[in-house]
Amino acid sequence: MKIRSLAALLGLGMTIGGMGVAPAEAASPPTVLYASPSGTGTACSSSAPCSLTGVQAAVAVADKSMSANIYVDLYGGTYRLSSALHLGTTDSGSNGYDVIWQALPGQSPVFSGAVPVTGFTKYDSGLDIWRAPVSAADAAAGGQQLVVNGRRAQLARSSGTPAGLAVTSTGFSSTDSSLASYTNQSQIQVVAESTWKHESCPLSNITAVSGGSNINVLPSCWSANNTNVPNLGFPFNGSGLPTLSTISYLENAYQLLTQPGQFYLDKSAHYLYYIPAAGQSMATADVELPVLQSLLTLQGTPGHLAPVNQDATGTTYSGSGWLDYADRDYGDLNKDVEATSKNGDSVSYTFTGTGLEVLGETYSDEGGFDVYVDGTQDTSQSWTENTSGSTRFAQQVVYSVQGLGQGAHTVKITKTGGAYLTIDGFEATPSPVDPVKEISFQGITFTGTTWNDPATTGYLDNQAGVLWNTATSPVTPTIVPAAVTVSRGDGITFSDDVFAHLGGTAVHFADGTQNSTVTAGTITDTAGGGVSVGNVDDYFQNDPALMTSDDTVSDNMISFVGQDYSDGVGVWAGYTRNLTIAQNDIGYTPYSGISLGWGWGWQSDCTLQSKQGLATCFHGTDYAAGNQITDNYVHDVMGVLHDGSPIYTNGGQGNGTGVSSGPCRTTSTLSGNVVAEGDNSNTMLYHDEGSSCWDTHDNVIEFGGSNWIGMWTPTINTIHAHDNYSDNASYYDNGTGDTVSQATVVVGGAWPAAARSVMAAAGVPQQYAPVAGRMDDDGLAISYTGSWAHSGFRGLGDFDDGVHYTKTNGDSASLTFTGTGVQVIGETNSDQGNDEIYLDGVDKGAVNTATAGRKAQQVVYGVSGLTPGSHTVKIVKAGGTYTTLDAFEITSTINDTAPATSYTGTAWAYSTSRGYGDYGDDVHYTTKNGDSASVTFYGTGFIYYAETYSDEGDIAVSLDGVSEGSVDAHSASRAAQQNVYCISGLALGLHTVTLTKLSGTYMLVDRFDTQ
């Protein structure tokens, strides 16, 4: 079993997971299957593991009659996928048991969609460009992303806007005549960062003209991004339509390859070009070219559902009263409906599947109708479209039938009363509702994907990673694809996984996925977003079985999303019900940290839309309700785009209610969050257009934003904001029916106890967070006193690209840590001066941070060799114009009882008050070979301290899944707190050390030091 912390052993409410056995398994042992990167055959045993597809086949056989969990134990190494691993309903758990794909203890399985590239030779000595051949297939599949030694390389790009830029009918013109000489011009892309949009298009060509060059954009992309930007209105988009009217930079040309860390893939000649970053040797570099878009799909049935218009194939209208009404400006699907005023007129729709939803309009002039399913009248109730009184609702499900036998069916609707019968569309369910279910993935790394649509059709942005698909008519919304997609899932869990270096979004719970979870994971360096939940085109859904509901995104470290597409969001959700987004640490994003909801003013009534100044009223309902955004730490966001925020909401909640139809039936909650460092944020808690039915309370807002909360327009309604805390008194409320209480305004960092409690509880709990060897200046453990401010995304070489700073002498920043040493890291420059340092309340004197030129990430003070335990370091501004704080480098001490320590195995026990000199006077110990202990930390070094004695033996060590050999804990006499294993000089980042008992009577764990 895997023990997340000592609390599990002491009965303190922690859970025991991994190989823990459910009571129902007592009669049947679990099935355990094995896979490895080099696995073959069908045995799937520990000595003869299968491949991934081989073990999938074995699971499909074993899970037909499950009487216990099935475990797929994965050996470490890189599983290089030639196509995505696809799991369907035959791979599901059954009979209440799960299929669990998990890393073996001490192993690091990696699912990769990349191919290694070798054979680099120097191509251009002047620019230090290296070149290597790639296959034609890999050249065709790759090109948008590259990873070198675990770092994302940048696609070759210009340093800014081309000279003398002007808009033309086919794109742009520039006074730079050299552009026309660029090679492979159809690979080149123009990119613009425009308010809340990231827009890009591939080129047709660049032509030389007198005085410069014409940059001719692919016509279809130019239309969608400039001359004919899609504008479907509510519930698909708001009224703002930024266009591709400038160029922030050009990318993807060999001639733009000028800077270290940049690459270019020549798709026609099949060569990869790269300029090494500092410290990289192309003789030894691990160069990974992503070639797959997807790594893992879990697909239930049906897949994505979308309605068709009322005149779709299969529709037959009978009677003389039917008329087509187009462009009514009421929010009809595809802007038209079919209606009749004559009783007895009918419409029939023939489809193949198991169910049907009929969309119509509800209003006071609508009336009753009869329904016949395959010729049999449905008399289960009286059917009518007159269900909303004097409020007109567009795109309403007026009839639904599910659970029919698979096959062809016909539903006929006949008008029986009222002034009108209105038909707007049909949504058929093509197959039975059968989710892929009860599958878990634990301890797996997903990496190395790409996505080529931006290079071939363009990035046609609507907002927040929701794009326009112009290949359909009319255009439809689409979402940036994910490396891992769950479509129509139920009970799918991802825990302790890593998602890194991806060409799109990390995970998407789509198409009615329910009761599924992403937890305790690390998501970093994605081209698109972090986690996406739900869709944007199922707003009308009223069948709970087909809704996206009851999903959870919790306890995750999410950072550096949107690295290629800057509208990427840490956690994004469309239409969802009872979604929980909790206890996440989300930071360093170019756009919003969390974005929940869709539809803009769709759910706001026509009175509110008129107050907003809208000439038309597109008004309907959606099923969003009961969503929870709680206890997250969202920081260092909005680094590139504008009109977003750390936490952003859009569209109505309340299950179709709000001001227009009475009190909210349900309320969504935004509470217990800490939002900080919102660089381009006008508003830190941003309830945008149409947001409704939110209870926003007990949040802490600091370092950023013109307003701590904002509701800018009357379609925003029924927001209850109270008991919040902010270092900025400004807020803005132009909504309707809101109740906003001013936050408790804090000056100089003097947060009251209640706010400090919120700050202490926000973010990833200790048992899931890596131990910090280096803590950025935005760490919640840092206490800023005085008039400190934050400057992010500076591009000056800061750690994580930002600093805190103050201009007031006497202002201080302090950190209390558990460990043996600390370094204070800041910037030095000519405008800085003396800072006074205090350690455990003792003045250690002044340090001078003034230098002739700017130097980033400088150690301005350091101390080591402290007695293990709690210490406090404080820096106080004493001179100069500025004092900056960039980070703390901590030599942390982790006791064996710390939540960060993960114990795996069945024989671990705890001993305290031994009196032998143990750190904290306690140890963990095991007597069983194969039991292991792991610690994940963020830093550069690690020391394992334990007792050595005659009854102890060898211990295997693995670092990041790679064996480091073994160490010997045997000694003739007992010695406490001995350095049994240490390593230093690691690349700054996340690392995991696993210690596994090999021999001797005992293996002990006393403490770990990380730095």
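1. In what order do the three strands β72, β73 and β79 form an open sheet? The order is β72-β73-β79, with antiparallel pairing. The edge strands, each pairing on one side only, are β72 (789–792) and β79 (883–885). From one strand to the next the twist averages 30°. The angle is taken between axes fitted as lines to C-alpha atoms, for helices over the stretch in contact, and runs from 0 to 180 degrees between N-to-C directions. Strands here are DSSP runs of E of at least two residues, helices are runs of H or I of at least four, and both are numbered from the N terminus. Two strands count as paired if DSSP finds at least two bridges between them.

2. On the basis of the values: this is a predicted model, in which local features need pLDDT of at least 70 and side-chain atom pairs count only at pLDDT 80 or more, while totals for chains, interfaces and linings use all residues. Residues are numbered from 1 along each chain as its sequence is written, and side-chain values use heavy atoms, with hydrogens and water left out.

3. Within the sheet of point 1, β73 (residues 802–806) and β79 are joined antiparallel by three bridges. Thr806 has Thr883 in β79 as its bridge partner.

4. Strand β31 (residues 368–373) has several antiparallel pairings. With β35 (residues 407–415) there are five bridges, and Val373 is matched there with Val411. With β33 (residues 383–384) there are two bridges, and Phe369 stands opposite Trp383. With β32 (residues 376–377) there are also two bridges, Val373 being partnered by Thr376. Val373 thus has bridge partners in β35 and in β32.

5. The β31 and β32 pair is a hairpin with two residues between the strands. In its turn, Asp374 has a positive phi of about 50°. A reader checking backbone geometry can find this residue directly after Val373.6. Tyr539 lies in the loop between β48 (531–533) and β49 (552–554). Is Tyr539 buried or exposed? Tyr539 is buried, at a relative accessible area of 1%; the classes are buried under 20%, exposed over 50% and partly exposed in between, with a 1.4 Å probe and protein chains only. Leaving aside neighbours within four places in sequence, Tyr539 is in contact (heavy atoms within 4.5 Å) with residues including Pro235, Phe236, Leu333, Gln395 and Trp602. The side chains of Tyr539 and Gln395 make a polar contact at 2.4 Å. A polar contact is a pair of N or O atoms within 3.5 Å; within protein, one must be able to donate a hydrogen and the other to accept it, and residues adjacent in sequence count only if both atoms are side-chain atoms. Arg577 is 38 residues from Tyr539 in sequence and 11 Å away in space, C-alpha to C-alpha.

7. The largest nonpolar core has 126 residues, of which Trp101, Val190, Leu298 and Phe494 touch the most other members. Such a core is a set of buried Ala, Val, Leu, Ile, Met, Phe, Trp, Tyr and Cys residues joined through side-chain atoms within 4.5 Å. Helix α2 (residues 52–62) supplies the largest share of this core, four residues. A second, separate core of 26 residues includes Val935, Phe937, Val993 and Val1005. In soluble globular proteins, nonpolar side chains tend to be buried together.

8. Beyond its neighbours within four places in sequence, Leu298 is in contact with nine residues listed here in full: Leu87, Val436, Ile439, Phe441, Thr485, Val486, Ser487, Ile492 and Phe494.

9. The structure holds 15 salt bridges, each a side-chain nitrogen of Lys or Arg within 4 Å of a carboxyl oxygen of Asp or Glu. Glu827 forms one with Arg794, the closest N and O atoms being 2.6 Å apart. Glu827 lies in strand β74 (residues 812–828) and Arg794 in the loop between β72 and β73, so this pair ties together parts 33 residues apart in sequence. Glu827 is buried at 4% relative accessible area, whereas Arg794 is partly exposed at 22%.

10. Glu827 also meets Arg854 in a salt bridge (3.0 Å, N to O). Arg854 lies in the loop between β76 (842–848) and β77 (855–863), so its pairing with Glu827 in β74 ties together parts 27 residues apart in sequence. Arg854 is partly exposed, with a relative accessible area of 42%.

11. Glu947 and Arg914 meet through their side chains in a salt bridge (2.7 Å, N to O). Glu947 is in strand β85 (residues 942–948) and Arg914 in the loop between β82 (909–912) and β83 (922–926), so the pair ties together parts that are 33 residues apart in sequence. Glu947 is buried, with a relative accessible area of 2%. Elsewhere, Arg328, Asp332, Glu361 and Arg392 are linked in a network of salt bridges.
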